[in-house]
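Dear colleague,

I am sending you a structure for your files, together with a summary of what was found in it. Please read the notes below with the model open beside them.

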Amino acid sequence: VISWGRNGSSDFGPESSTLEIVLRPEREGTYLEITHWGLPHSERERHALGWRHYVGRLATVAAGGRVERHQTPEQLTRGVE
C-alpha cells in the first residue's frame, strides 16, 4: 500500500490517493489486484489507460517475452498539469 499523487497538480497532489497492490498465487501464475482509492474523477480514465498499458507490459515480461523500449503513450501525457 502506497500513497499516490502528482507534484504540482491542483487536484491530485502528492499523497492525495492510496494505491494497494496485491499479488497472490493462482494456478500456474500470479494474480495481480490493483485498488486505487481517492482518485479524483478527472484522473480516472487516464489511470485506467495507464494501468492497462503497464500491466500488459508486465504480463509480457513475466511470461518471458520482450517489450519494446518504453515510451509513455501519448494519451497518458495529455492534460497533465
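**Helix 1 and the sheet**

Within helix 1, the buried residues are Glu43, His47, Gly50 and Arg57. Their cover includes strand 1, strand 3 and helix 2 (74–77). Please note that this is a predicted model.

Helix 1 comprises residues 41–62 and lies across strand 1, strand 2 and strand 3. Relative to strand 3, helix 1 runs at about 160°. His47, one of the buried residues, is also the centre of a kink of about 25° in helix 1. As for its length, a rise of 1.5 Å a residue means that the 22 residues of helix 1 should span 32 Å, and the end C-alpha atoms, 31 Å apart, agree with this. Just after helix 1 comes Gly64, which has a positive phi of about 95°.

The sheet that helix 1 lies across deserves its own description. Its 3 strands form an open sheet in the order 1-2-3, and their pairing is antiparallel. Strand 1 (2–4) and strand 3 (29–37) are the edge strands, each pairing on one side only. On average, neighbouring strands of this sheet are turned by 30° against each other, with direction ignored.

Strand 2 covers residues 17–26 and pairs with strand 3 in the antiparallel sense over 9 bridges. In this part of the sheet, Leu19 stands opposite His36 of strand 3. In general, the strands of a sheet pair through backbone hydrogen bonds, in either a parallel or an antiparallel manner.

Yours sincerely

Key: Residues are numbered from 1 along each chain as its sequence is written. This is a predicted model: local features need pLDDT of at least 70, side-chain atom pairs count only at pLDDT 80 or more; totals for chains, interfaces and linings use all residues. Side-chain values use heavy atoms; hydrogens and water are left out. Two strands pair if DSSP finds at least two bridges between them. Helices (H or I, at least four residues) and strands (E, at least two) are DSSP runs, numbered from the N terminus. Axes are lines fitted to C-alpha atoms, for helices over the stretch in contact, and angles run from 0 to 180 degrees between N-to-C directions. Contact means heavy atoms within 4.5 Å. The expected span of a helix is 1.5 Å times one less than its number of residues. The bend at a residue is the angle between axes fitted to the seven residues ending there and the seven starting there. Buried means under 20% relative accessible area, exposed over 50%, partly exposed in between (1.4 Å probe, protein chains only).
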